[in-house]
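I opened my notebook with a model to browse and a few things to look up. Here are my entries, in the order I made them.

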Amino acid sequence: MAKKEASPLKYSKETYLYWYESMQLQRKFEEKCGQLYGMQKIKGFCHLYIGQEACSSGSKSALREGDKYITAYRDHGIPLALGTSPNAIMAELYGKITGASKGKGGSMHIFDKEVGFVGGHGIVGAQIPLGAGLAFAEKYNNTGNVSICYFGDGATRQGALHETFNMAMTWKLPCIFVVENNGYAMGTSVARTSNVTELYTIGEAYDMPSEAVDAMNVEAVHEAVSRAAARARAGEGPTFLEFRTYRYRGHSMSDPQKYRSKEEVEAYKDRDPIEQVKKTILDNNILTQAQLDEIDAKIKVQVQESVDFAETSPFPDASEAYKDVYVQEDYPFVKE
């Protein structure tokens with residue numbers, strides 16, 4: 001039987017390699033975080049992004065430098081996709097002064113202004129109006145940049161979303177709203193929280209262009225975000241995207257996951273976004289398996305270096321509690 005020809009590449013070889021390395025770095029970093037949490041090296045809340053990597057990497061490849069990103073508390077993956085040092089993120093998880101937020105934010109509050117990442121946010125839905133505010137600033141300053149605002153399916157039930165959608169459409173803000181619908185708000189399925197389970201239709205109530213996206217496929221994510229960004233930069237206002245994705249781990253590290261079956265998880269793993277890109281790379285002879293193994297080995301070293309960096313970094317001094325609270329350093333109402 002003749003060998004089946006590989007489908008023509010939709011994007012450049014460099015794009016597929018970025019997607020593979022980016023998603024694999026996120027996957028290996030998060031797997032290491034899970035191990036470290038079990039060792040009590042990382043404490044407090046910890047929400048892993050394993051399974052959702054196409055959401056971040058596909059968005060990054062579709063956007064450009066200067067665009068702003070804001071998300072909820074499952075926030076390790078996006079800055080890794082944007083280029084934040086794994087050292088800075090791991091040190092933050094350890095609560096060290098060398099962390100991305102100087103050890104003051106922990107897992108849920110990673111920030112990196114240099115790459116346009118305006119934070120992970122712990123209050124459900126709180127980042128939605130902030131995302132619109134970022135977009136308003138870009139429009140006001142006529143930068144041509146867009147803001148992309150991610151939130152979980154549970155946040156679609158927050159009143160702040162509806163207020164923000166109304167205002168964003170009224171003012172035609174250059175914002176891309178993304179619900180990362182992984183099927184569960186903590187341990188509660190989408191179907192148990194609302195009669196509306198096709199979440200993208202919420203945007204239609206505001207005449208906002210809205211669509212569902214197969215977010216287990218990084219190409220589909222890239223394409224949807226590209227369309228939304230083009231509309232935003234053309235002055236046509238916001239878009240609402242429902243990224244249909246899945247988290248392989250629990251809501252947080254303390255989640256026993258009794259609300260779903262192993263069969264359900266395995267069914268999604270059969271559509272793993274990294275494996276899809278890997279197949280494309282191999283089928284089109286972009287790299288060999290041996291070369292991909294070299295990339296994996298490099299990433300493993302990179303992740304271990306981030307752990308070593310975090311282990312050897314110092315904790316913040318007590319005086320840091322008074323810093324980074326107010327822009328005005330001599331704020332008169334702060335007394336030691």
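**Entry 1: D75.** I began with the side chain of D75 and found one of its polar atoms 3.5 Å from the backbone nitrogen of H109. A reminder to myself: this is a predicted model. I placed D75 in the loop that runs between β1 (68-71) and α3 (77-82).

Which side chain of opposite charge is nearest to D75? I found R74, 8.8 Å away; D75 is buried and has no salt bridge. I then listed the contacts of D75, leaving aside neighbours within four places in sequence: S107, M108, H109, I110, F117 and G120.

**Entry 2: the cores.** I turned to the largest nonpolar core, which has 60 residues. Those that touch the most other members are M90, I176, V225, L241 and F243. Helix α1 (residues 13-38) gives the most to this core, eight residues in total.

I picked I176 for a second look. Not counting residues up to four places away in sequence, I noted that I176 touches L63, V146, S147, I148, C149, V225, A228, A229, T239 and L241. I also found a second, separate core of 21 residues, with F151, L161, L173 and C175 among them.

**Entry 3: helix α11.** I checked the length of α11 (residues 289-312): at 1.5 Å a residue, its 24 residues should span 34 Å, and the end C-alpha atoms are 35 Å apart, so the two agree.

Which residues of α11 are buried? I wrote down L292, I295, I299, V303, S306, V307 and A310. An α-helix has 3.6 residues a turn, so residues three or four places apart point the same way. Last, I looked at what covers the buried residues of α11, and this includes α1, α4 (86-93) and α10 (273-283).

Technical notes. Residues numbered from 1 in each chain as written. Predicted model: local features only at pLDDT ≥ 70, side-chain atom pairs only at ≥ 80, totals over all residues. Heavy atoms only, no water. Helix = DSSP H or I, 4+ residues; strand = E, 2+ residues; numbered from the N terminus. Buried < 20%, exposed > 50% of the residue type's maximum accessible area, 1.4 Å probe, protein only. Lys, Arg positive; Asp, Glu negative; His and termini not counted. Salt bridge = Lys/Arg side-chain N within 4 Å of Asp/Glu carboxyl O. Polar contact = N/O pair within 3.5 Å; in protein donor to acceptor, adjacent residues only side chain to side chain. Contact = heavy atoms within 4.5 Å. Core = buried A, V, L, I, M, F, W, Y, C linked by side-chain atoms within 4.5 Å. Expected span 1.5 Å × (residues − 1).
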